[in-house]
Amino acid sequence: MSATSQAVQIQEHGGPEQLKLVTVSVGDPGPGEIRIRHKAIGLNFIDVYQRAGVYKMPMPLNLGMEASGVVEAVGEGVSHLRVGDRAAYASQPPGSYSELRVMPARTVCKLPDAISFETGAAMMLKGLTAQYLLKKTLPQGGLQAGDFVLFHAAAGGVGLIASQWARALGLQLIGTAGSDAKCALAKENGAAHVINYNTEDFAARVKDITGGQGVKVVYDSVGKDTFEKSLECLRPFGLMASFGNASGVVPPVAPVILAPKCLYLTRATLFTHMATRESTQAMADELFAVVESGQVKIHIDQRYPLAEVQQAHRDLEARKTTGCTILTL
Ligand code: NDP
């Protein structure tokens with residue numbers, strides 16, 4: 001079978017104007033692949049890095065790493081999905097900004113009936129990230145109820161999920177955000193304390209909040225603008241978990257910078273945790289459970305038709321969004 005699909009493609013790295021809706025042909029799935037008809041598509045900051053060239057990609061590139069839909073065809077050797085299944089994914093290679101695609105089945109998960117397509121599309125990449133950060137990216141001795149962690153951009157897509165999940169785990173998440181309104185949103189959604197890092201010295205505030213002790217972990221996706229000050233927020237033997245570059249890539253760091261407090265540093269990535277089908281499913285099961293229990297609500301605060309993807313990118317980069325954003329079909 002050969003069908004056609006609208007897909008968002010770039011021919012070269014650059015601004016949102018590079019995002020073009022094109023028609024592509026979609027064939028049958030090969031071994032280990034499925035064909036999925038999307039119902040909704042998730043927008044992520046990684047899409048901005050891939051579009052802009054922060055992460056260099058082969059061209060032309062069909063963008064997008066997250067979506068939900070219905071499985072239309074299953075290739076040889078795929079046993080966990082069947083035609084007609086509701087499914088959702090965070091996945092490489094990119095290509096989710098489309099109506100229909102063929103893709104590797106390995107990271108595609110069956111979507112529980114209780115979770116809508118829109119929620120599934122919004123939550124997979126961001127929710128699996130919150131999962132591996134709070135459950136697997138841990139300081140020596142792990143995290144216990146009552147422990148302080150610092151989470152930057154706490155009102156964003158990953159941030160709002162992490163704030164709620166941290167509350168469910170009994171952690172005291174100190175969330176930063178770029179406006180008072182965003183701080184209020186993070187607080188409503190589980191952050192024990194909030195700091196507007198555009199108007200306040202977040203390291204000084206963290207010191208106050210923790211009685212001078214500092215936090216056990218900093219989860220930092222802002223990157224260049226927050227990295228050094230984040231180290232100040234850590235207690236001895238604390239973990240600096242850098243996982244993004246919304247403000248720019250962190251410049252090279254000399255290990256000696258970690259010496260005064262014997263700090264640990266990691267640059268964490270979701271797809272390393274999703275290396276196998278089993279690890280992906282185990283992470284997804286935890287995410288589905290915490291969403292189905294109501295402990296984590298997926299806030300879809302922005303919706304754009306697929307054809308308005310340029311505006312969606314502009315708003316995400318301009319820090320105008322909160323929670324999750326989806327592209328609708
Ligand atoms: P968000 O919805 O969190 O949007 C990014 C937020 O970063 C903005 O809303 C803004 O919040 C904050 N920010 C701070 N400085 C800047 C800046 N100079 N320009 C733009 N935004 C800025 O995005 P996502 O939920 O999609 O992703 C959150 C972060 O997590 C991203 O950096 C992303 O790359 C990273 N990530 C990493 C993964 C990994 O495994 N390594 C996986 C998934 C996401 P505010 O206005 O409050 O400052």
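## Close-up views of a predicted model

**View 1. R319 sits in the loop that runs between α9 and β16 (324-328).** Helices (H or I, at least four residues) and strands (E, at least two) are DSSP runs here, numbered from the N terminus. This is a predicted model, where local features need pLDDT of at least 70 and side-chain atom pairs count only at pLDDT 80 or more, while totals for chains, interfaces and linings use all residues. Residues are numbered from 1 along each chain as its sequence is written, and side-chain values use heavy atoms, with hydrogens and water left out. R319 is not a glycine, yet its phi is positive, at about 65 degrees. With a relative accessibility of 47%, R319 counts as partly exposed; on this scale buried is under 20% relative accessible area, exposed is over 50%, and partly exposed is in between (1.4 Å probe, protein chains only). R319 also turns up among the residues closest to the ligand.

**View 2. The ligand has 28 residues around it.** A residue makes that list if one of its heavy atoms lies within 4 Å of the ligand. The closest are Y132, K182, Y197, L270 and R319. By class, the shell has 14 nonpolar, 10 polar and 4 charged residues. For that count, Ala, Val, Leu, Ile, Met, Phe, Trp, Tyr, Cys and Pro are nonpolar, Asp, Glu, Lys and Arg are charged, and the others, Gly among them, are polar.

**View 3. Polar atoms of G157, A268 and K182 meet the ligand.** A polar contact is a pair of N or O atoms within 3.5 Å; within protein, one must be able to donate a hydrogen and the other to accept it, and residues adjacent in sequence count only if both atoms are side-chain atoms. On the backbone side, a polar atom of G157 is 2.9 Å from a ligand oxygen, and a polar atom of A268 is 2.9 Å from a ligand nitrogen. K182 uses its side chain instead, placing a polar atom 2.7 Å from an oxygen of the ligand. Taken alone, the ligand exposes 890 Å², and the protein buries 91% of that (Shrake-Rupley method, 1.4 Å probe; for residues, only the protein chains shown count as cover). The elements that give two or more residues to the shell are α1 (45-52), α2 (117-136), α3 (157-168) and α9 (309-317). Of these, α2 gives the most, with 3 residues.

**View 4. The ligand lies between two domains.** Domain 1 (3-126 + 271-328) and domain 2 (138-267) both give residues to the ligand shell, and that is why it is placed between them. The bounds come from an automatic or database domain assignment.

**View 5. N196 and D180 pair up through their side chains.** Their polar contact spans 3.0 Å. N196 belongs to strand β11 (residues 193-196) and is buried, with a relative accessible area of 4%.

**View 6. Two cysteines, C233 and C262, have no sulfur partner.** The structure holds 0 disulfides, a disulfide being a pair of cysteine sulfur atoms within 2.5 Å. For C233, the nearest cysteine sulfur is that of C183, 14 Å away. The sulfur of C262 is 18 Å from the closest cysteine sulfur, in C233, which is too far for a bond. C233 is buried at 2% relative accessibility, whereas C262 is partly exposed at 43%.

**View 7. Backbone oddities: two cis peptide bonds and a positive phi.** Most residues other than glycine have a negative phi, and most peptide bonds are trans. One cis bond joins M59 and P60, with omega about -10 degrees; P60 is in the loop between α1 and β4 (61-62). Another joins Q92 and P93, again with omega about -10 degrees, and P93 is in the loop between β6 and β7 (100-104). F237, in strand β13 (residues 234-242), has a positive phi near 70 degrees.

**View 8. V83 and E278 are both exposed.** V83, in the loop between β5 (66-74) and β6 (86-90), has a relative accessible area of 57%. V83 and Q140 are 57 residues apart in sequence and 44 Å apart in space, C-alpha to C-alpha. E278 is in helix α8 (residues 277-292), with a relative accessible area of 57%. Its C-alpha is 28 Å from that of G323, 45 residues apart along the chain.
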